[in-house]
Amino acid sequence: MTRSQVVTLLEDSVHSQSELAVPILEMKGMTKRFPGTLALDNVDMTVRRGEIHALVGQNGAGKSTLMKILAGDYTATAGSILIDGRPVAIQNTRDAHRLGIGIVYQELSLLPNLTVADNISLGRETVRGVVLDQRALRNRARDALARMGIAHIDVATRVGALALPERQLVEIAKVLSLQPRILILDEPTAPLTQADAERLFAILLNLKQHDIGIIYITHRFKEVLSLCDRGTVLRGGRVVSVFGAGEMTLDRLVEATLGQKSELFFRRNVQHDATRQEIAFAVRNLSVGDRVRDVSFSVHRGEIVGICGLLGAGQNELGRSLFGDRDDVSGAIDLGGRPVVLNSPRRARRHGIGFLSDSRREEGLFPDMRVDENVSIASLGRFLLARGLPFIRRRALRQRTRAMAQRTNIASPALVRPIRLLSGGNQQKALLARWLMLDANVLVFLEPTRGVDVGAKNEVYRQLEALAQEGKAIIVVSTDIPEILGISDRIFVMYEGTITAVMNRDEASEETIALAMQGAHVDESA
Amino acid sequence: MRVPSRLRASLPMEAERDAVAPRTANRIGSGLQRLGILLLAGLLFAIFSATSSDFSSQANIDNILIQISVLAVVSIGETVVMLLRGIDLSVGSVVLLSSVVMSALSVNHHVPLVLAIGAALILSLLIGCINGVLTAFIGIEPIIVTLATLMVVQGLDEVILSQNGSWIQVLDPFFTSLYVNQVLFLPVMAVITFVLYAVAAILMQNTPFGRNVYAVGGNARAARLAGINVMTVKMAAYAIAGLCAGIAGLLETAQVGTISQNIASGLEFSAVTAVLVGGLSLTGGAGSVLNTLIGATIFGMINNYLTLKDFSIYYKQAVSGFLILIAVILINVGRFGHMREER
């Protein structure tokens with residue numbers, strides 16, 4: 001065997017020492033200027049072969065901008081990108097593709113009307129003569145999913161018919177099937193169940209062995225700690241810390257992202273006293289299709305009830321049924337002591353119920369409308385000149401909208417911008433303001449802080465607390481256990497469509513909740 | 001922070017305007033877009049005036065205003081429907097229906113004019129409601145529904161016309177006066193058009209219905225979850241489209257005087273074109289009736305110019321289509337630029 005053959009062999013498996021030293025990706029002095037804002041200010045970032053590199057920072061810190069430059073969506077104002085030590089120009093998404101950069105976006109890019117197989121092979125379809133080779137497409141898709149250890153998704157299903165976590169898995173499979181050398185994942189676990197997330201982690205750890213450079217963006221620091229080798233923290237478009245292997249701790253990450261030391265989890269100061277409060281609404285024998293089975297409970301005025309469960313345990317459907325968004329509901333709902341029929345969101349709104357969906361973009365936002373219009377849209381009926389005279393009192397409407405924006409800390413110049421231009425956190429605050437404006441008595445929030453940065457998260461928690469103090473009845477459905485623990489007066493845990501545990505906040509802990517979510521009996525664990 | 005290029009320059013300006021004169025606060029972006037369309041209209045006017053001595057004469061401008069009035073009024077309803085990501089292809093046949101019914105009743109059956117007009121308008125509204133029910137409540141694709149009603153109503157037009165001697169001449173002084181008279185130096189028909197646009201603009205900006213149209217067009221699912229009655233909004237939009245077509249039919253009657261089978265043929269496509277030249281986004285939720293008025297004006301100026309220049313009818317259609325294509329491209333250049341940045 002000649003020396004060159006050995007080297008070739010070595011290159012195939014493990015890179016030689018000198019090559020290892022050359023990072024797979026280097027970004028130097030990356031700057032992106034938008035008029036009025038400096039989104040990125042001289043950012044350096046290095047990703048080594050075979051590492052999972054965490055990119056951490058609040059929304060608006062510049063993470064997405066930086067990644068969009070890598071993906072060819074934006075072009076940098078200044079700065080250089082080196083791959084394998086060689087400078088490259090990324091002008092468009094095709095360049096990025098050619099250079100082996102694969103990106104899993106936070107917002108899914110799948111086409112809902114195509115099948116899983118079609119989506120995975122989109123843009124590189126196999127043809128037999130002039131027709132698509134359907135079998136080859138399906139096999140490729142099946143392989144891609146099998147490599148991720150996923151067997152339960154049928155590749156012939158329309159993507160639109162899949163649930164959100166499954167779509168996310170397909171998206172990841174799609175990007176992985178392109179065999180990228182540099183893989184970027186933007187909040188990949190947000191919609192995933194714990195089991196799926198762990199499967200993803202195993203895949204990522206496996207990819208490391210193949211000398212791929214992985215950039216992992218997340219708000220979940222626990223994932224950073226357990227998964228990532230090194231990390232870069234951005235704040236206000238600048239790099240504030242670069243953590244080496246073994247240097248990361250929860251405190252340090254929090255400190256670096258926030259810029260100050262703070263409590264990691266929100267804790268309510270004011271406690272609710274259920275004995276003195278009247279019942280705001282009661283649910284008896286509620287069933288929703290086969291997802292929620294015979295559930296009964298009541299919520300008091302001024303109380304925050306947190307409902308958690310593994311994805312698919314029925315908490316989502318329960319929340320939606322309370323806002324009239326399900327048509328397969330049976331059972332009785334009493335509102336303020338009177339039975340009500342909630343068969344449409346409009347009816348629910350009229351009964352003073354507000355609702356925040358867990359998919360903000362699909363079910364909450366009017367992307368091209370201004371922020372103030374997004375806030376006021378549900379309350380227009382209250383600002384008419386007179387009964388039967390459907391003209392909006394614009395001045396009054398504007399004043400009230402501004403007051404709501406102020407209450408939720410939305411900057412007033414932002415009010416006249418299309419809402420799609422705002423960060424996830426600010427969008428969520430605007431949607432919260434929508435229901436504050438309506439002065440709803442019962443509020444149902446699904447995953448109110450999903451995809452929202454730490455600062456905006458605390459904002460949302462403070463709002464919930466204030467609303468409870470005003471006497472509103474609040475239901476928060478969340479898969480985030482610390483969140484549930486921090487804000488709830490009472491905690492309902494759902495498992496396979498029923499409420500299996502009801503805990504007061506003093507008797508609940510992360511462990512008891514997690515166990516109940518897995519279907520374990522609480523009294524056994526206690 | 002992501003800021004599309006098209007909007008960057010406008011941000012401080014918009015904010016300022018909002019602070020200084022809250023009442024004139026405009027939909028962001030559409031302000032700039034409207035400026036672009038206005039500039040295009042101005043540019044065309046300048047070019048046409050320079051190359052044709054007759055074009056900018058008072059008489060010809062009046063002529064253009066009268067010529068576009070039918071199209072402009074039909075396009076109001078089309079705008080509302082298209083803001084909801086729908087389309088109404090039946091408007092041309094409804095225009096004809098309205099004028100046929102009105103003239104058949106008043107001329108051949110001696111029904112008092114007011115009643116004849118009322119019947120025509122109610123019938124047009126009814127056709128709109130049928131479109132609305134089929135699309136909104138039954139959920140059939142609007143293009144299919146309105147194509148079907150187009151054929152049905154067209155057939156109805158022909159039946160009524162054939163029973164009334166295949167053409168009807170309307171000599172009522174009321175209609176002649178609409179065509180001949182002026183109010184404040186403007187042809188009556190132009191005044192009617194402008195008034196209807198003012199009403200439509202108020203409807204779209206100052207009533208919950210208008211806001212809801214934008215919301216449903218922008219994101220129907222989110223609209224439902226904000227407690228908006230999506231079906232009613234859609235239903236009302238098609239009803240408005242029918243009513244507008246009905247009113248346009250009366251204007252058409254005044255304009256042509258003699259009602260025959262082909263007076264409004266192809267009008268649905270002209271209306272869709274006017275809306276698109278006005279820069280309405282086909283993905284819904286963005287656009288405005290005033291932009292459509294400018295779009296209709298551009299359309300009307302091009303046609304008028306080609307007539308003045310003695311283009312044969314055969315060339316005219318092709319050239320007018322070509323010019324409109326250019327206009328749409330120019331208007332959309334900016335939008336494509338910002339879409340790229342956003343992806």
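Two strands are taken as paired if DSSP finds at least two bridges between them. With that criterion in hand, the tour proceeds through a predicted model.

**Chain A as a whole**

Select chain A, in which 20 helices and 24 strands are found. Of its 526 residues, 48% count as buried. Among contacts in chain A between residues at least 6 apart in sequence, 68% join residues at least 24 apart.

**The antiparallel sheet**

Next, select β14, β13, β16 and β17 of chain A. In that order, these 4 strands make up an open sheet with antiparallel pairing. The edges are occupied by β14 (292-300) and β17 (338-340) of chain A; each has a single partner strand, so one side of each is left without a neighbour in the sheet. From one strand to the next, the twist averages 15°.

Narrow the selection to residues 279-288 of chain A, which form strand β13. Strand β13(A) runs antiparallel to β14(A), and 6 bridges join the two. To inspect one position of this sheet, display A:Val288, which stands opposite A:Val292 in β14(A).

**The mixed sheet**

Now select the strands β18, β21, β22, β15, β23 and β24 of chain A. Taken in that order, they form an open sheet of 6 strands whose pairing is mixed. Here β18 (353-356) and β24 (498-504) of chain A stand at the edges; each has a single partner strand, so one side of each lacks a neighbour in the sheet. The twist in this sheet averages 15° from one strand to the next.

Focus on β18(A) together with strand β21 (residues 442-446) of chain A: the two pair in the parallel sense over 4 bridges. Within this region, A:Leu356 stands opposite A:Phe445 in β21(A).

Add residues 424-438 of chain A to the view. This is helix α16, which lies across β18 and β21 of chain A and runs at about 180° to β18(A). Then add helix α17 (residues 454-469) of chain A, which packs on the sheet and touches β15 (304-309), β21 and β22 (473-477) of chain A. The direction of α17(A) makes about 150° with that of β22(A).

**A helix pair in chain B**

Finally, move to chain B and select helix α8 (residues 173-180) and helix α12 (residues 230-256). Their axes come within 8 Å and cross at roughly 85°. Angles of 65 to 115 degrees count as roughly perpendicular, and α8(B) and α12(B) are therefore roughly perpendicular to each other.

Show the side chains of B:Phe175, B:Leu178 and B:Tyr179 on α8(B), and of B:Thr253, B:Ala254 and B:Gln255 on α12(B); these residues make the contact. They divide into 4 nonpolar, 2 polar and no charged.

Terms used. Residues numbered from 1 in each chain as written. Chains lettered and ligands numbered in written order. Predicted model: local features only at pLDDT ≥ 70, side-chain atom pairs only at ≥ 80, totals over all residues. Axes fitted to C-alpha atoms, helices over the stretch in contact; angles between N-to-C directions. Parallel < 35°, antiparallel > 145°, perpendicular 65-115°, else oblique. Contact = placed C-beta atoms within 7 Å. Nonpolar A, V, L, I, M, F, W, Y, C, P; charged D, E, K, R; others polar. Buried ≥ 20, exposed ≤ 12 C-beta atoms within 10 Å, placed from the backbone.
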